[in-house]
Amino acid sequence: MGKRRNVRQWALAYALLLPSLVVFAVFAYLPLYRLVHFSLYQQSSRLGGGERYVGFGAVWDVLSGERFLQGTWITIKFLIFTVPAGIALGVLLAMAAHRRLKGIKIFQTIFSSTVASSVAVSSVVFLTLVNEQIGLLRNVSWLSLKSPNSALFAAALSSVWQNLGLTFVIVLAALQTVPEELLEAAHLDGYGAVRRFFRVVVPLISPALFFLAIVLVVYGFQAYAQIELITGGGPLRSTETLLYRITKLQKNTDLQVGASMSLGLFGLTFLVALVQFRLLERRVTYGN
Amino acid sequence: MSSVSFDHVTKRFGDTTAVDDLTLEVADREFMVLLGPSGCGKTTALRMIAGLESVTEGELRIGERRVNDVDARDRDISMVFQSYALYPHMTVRKNIESPLVATRHARPAAAERAARVREAADVLDLAPYLDRKPGELSGGQRQRVALARAIVRRPQVFLMDEPLSNLDAKLRTQTRLELVELWRRLEATFIYVTHDQVEAMTMASRIAVIADGRLQQVGPPQAVYDRPANLFVAGFIGSPPMNMIAGEVDRSPLAGPLRVRTAIGNIPLPTPPTTNLHSVVAGIRPEHLRLGGSDLSVEVLNVEQLGHERHVICRAGDARWVVRQAAHEPAPAVGERVGLGVDGASLHLFDPTSTERIA
Ligand SMILES: Nc1ncnc2c1ncn2[C@@H]1O[C@H](COP(=O)(O)OP(=O)(O)O)[C@@H](O)[C@H]1O
Ligand SMILES: [Mg+2]
């Protein structure tokens, strides 16, 4: 009898799990399987022309090839431009708002509003700003979309702005958990404003900063729309990040390359996730 | 070590006057307690000494030095916060060491810092916990870390804002004693803020009673208890509080001996009051009333047994009075009408309009 009940319990468990299993299968496992498949088989150039096994060697060829490495390098540069600056700006703004500086309400509204506006909208706004004829920032050489040296920076700046609302809101919330008396105690101990910030505030809000670093890195990996809209990958492919390159590889014959690069991107993201878990594990506990 | 003086100091926050024209001298090596109800301005006064709050008017001195415009970091004071304000991300050792590391004056060498942390930790029995984080300590231990952090820098003045209020009753009693011992040992000036009159009575060299931002009275605990300067102090200090009743001084020689006539009877006056006021408020402490006397007549509402003594709660006109009675005396019955005897020498008289003490 015990056995029968056991079987029924298992059946019930699987029945209840089924919907989420289906969702995962359709949206996660199946695509991943297809991805691996496409990276291992070269598709024929003719429609319905079949496929040919090329194996892991071909995947490795792609991942060690110029296209992937170049894309990775551009992506890393994009991250270097967006992540530290994004966090620093968010912290600065949140500090200003937290200390209730005059006129901060306006900034608060402006910056929080990017949380609710789409990448497309902010990209178009940015494009207008750097427009060659009418843009307010048209003469700022380090934002020029014409030069391979500055175009990525310009696209990154738009991303920083786009992400600022999120950083601002998260850091502001974290700042509000830092007790005022603790900062006063630090002041009496002898810490000036700068050391107070780095010795007390930063450690206390570090979980939020870690979180933001991870989120911004992931956003950076996923950046597509702003690049498509602002630079279109150019000039001279100087703003073609990994994801952007992958999305351009849509012809039948390109599928194996695209799939291999996607696996590479997957690997990179996975690495970041690992680092994230290590950092979060080491995170200080601030319980009472 | 050093004195602290408020010279007509006022602090306003917009329309709120938190501290109103405070003049107070805290002597060197004194244990001064600022006592008053919540919101009376005690914390604000303390924070002005610390330099965490600016002085709106008047002059504040630490020792001979005017400190109105001196940065908090340069005042050579330590403060223990009500919340303890320990750094949660640092070990106990780092917390205690912090003032020595952070100072912008001569910074002691690492070896000396370690020795001083050790010493402070020993004084407060914290040696076994030096490598823990504050989150792993009990409330009492955290409180001691806050004290250790305060003493490690050997400041001129210690400021404490209700440091015992987060401890349970038993620990509070014990820590009271430890604080006084610490004060004797350090031979330092302590300025201690509390709303708890028991803390004030038991620890203070002198108490400064504050109400509504104004200083009401300063003096040694017993003096404040024995001769409260006004109705507020009379009602605030003492537990159970002083019994009060309105009355008239009867001076007509024909009416017999000098006395105060009240709604519940007459209180004899041994000496003529130093006033020609007619209306007064009479105050009598619970221990100065005697059940079974014949001066006043009241109704017993309740009898509270405390073991070593008894509190008899009575209806006296519109007021509730408390009579203290030794446990070995016979207890009155609830509902009974009883007579009370008053020792005129322990009577307090106040002016009902100015609320000041008369005699
Ligand atoms: N930063 C502040 N801003 C405005 N009002 C304040 C501030 N700090 C204290 N007050 C006001 O000043 C008065 C005294 O406060 P406080 O010194 O904290 O009293 P206590 O410590 O005796 O309870 C209160 O009315 C309080 O609301
Ligand atoms: Mg207070």
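How far is an oxygen atom of ligand 1 from an N or O atom in the side chain of B:Thr43? I looked this up before anything else and got 2.5 Å.

I note that the model is predicted, that local features need pLDDT of at least 70 and side-chain atom pairs pLDDT 80 or more, and that totals for chains, interfaces and linings use all residues. Residues are numbered from 1 along each chain as its sequence is written, chains are lettered from A and ligands numbered from 1 in the order in which they are written, and side-chain values use heavy atoms, with hydrogens and water left out.

**Ligand 1**

I listed the residues around ligand 1 (a heavy atom within 4 Å of it). They are B:Phe13, B:Thr16, B:Ala18, B:Pro37, B:Ser38, B:Gly39, B:Cys40, B:Gly41, B:Lys42, B:Thr43 and B:Thr44. For B:Thr44 I again found a side-chain N or O atom 2.5 Å from an oxygen atom of the ligand. At B:Cys40 I found a polar backbone atom 3.2 Å from a ligand oxygen.

**Chain A against chain B**

I counted 21 residues from chain A and 27 residues from chain B in the contact, where contact means heavy atoms within 4.5 Å. The two chains bury about 2,000 Å² between them, and carbon and sulfur atoms give 57% of that. Buried area here is the accessible area (1.4 Å probe) that two parts lose on being put together, summed over both. On the chain A side I found that A:Glu181, A:Leu188 and A:Asp189 lose the most area to chain B, together 34% of what that side buries.

I then searched for salt bridges (a side-chain nitrogen of Lys or Arg within 4 Å of a carboxyl oxygen of Asp or Glu). The rule finds two across this interface. One of them joins A:Asp189 to B:Arg153, with the closest N and O atoms 4.0 Å apart. I also got nine residue pairs in polar contact, both residues at pLDDT 80 or more. A polar contact is a pair of N or O atoms within 3.5 Å; within protein, one must be able to donate a hydrogen and the other to accept it, and residues adjacent in sequence count only if both atoms are side-chain atoms.

Which elements give two or more residues to the side of chain A that touches chain B? They are α7 (180–189) and α8 (193–222) of chain A. The largest share, eight residues, comes from α7(A). Helices here are DSSP runs (H or I, at least four residues), numbered from the N terminus.

**Domains of chain B**

The domain assignment, automatic or from a database, gives domain 1 (4–229) and domain 2 (240–358) in chain B. I read 39 Å between their C-alpha centres. Five residues of domain 1 are in contact with nine residues of domain 2. The two domains of chain B bury about 530 Å², 40% of it on carbon and sulfur atoms. B:Tyr225, B:Pro228 and B:Ala229 supply 79% of the area that domain 1 buries against domain 2. I found zero salt bridges between these domains, but four residue pairs in polar contact.

**Domains of chain A**

Chain A is assigned domain 1 (2–53) and domain 2 (65–283). Their C-alpha centres lie 34 Å apart. The buried area is about 870 Å², 69% of it on carbon and sulfur atoms. In domain 1 of chain A, I noted A:Leu35, A:Ser39 and A:Gln42 as losing the most area to domain 2, together 48% of what that side buries. The rule finds zero salt bridges here and one residue pair in polar contact.
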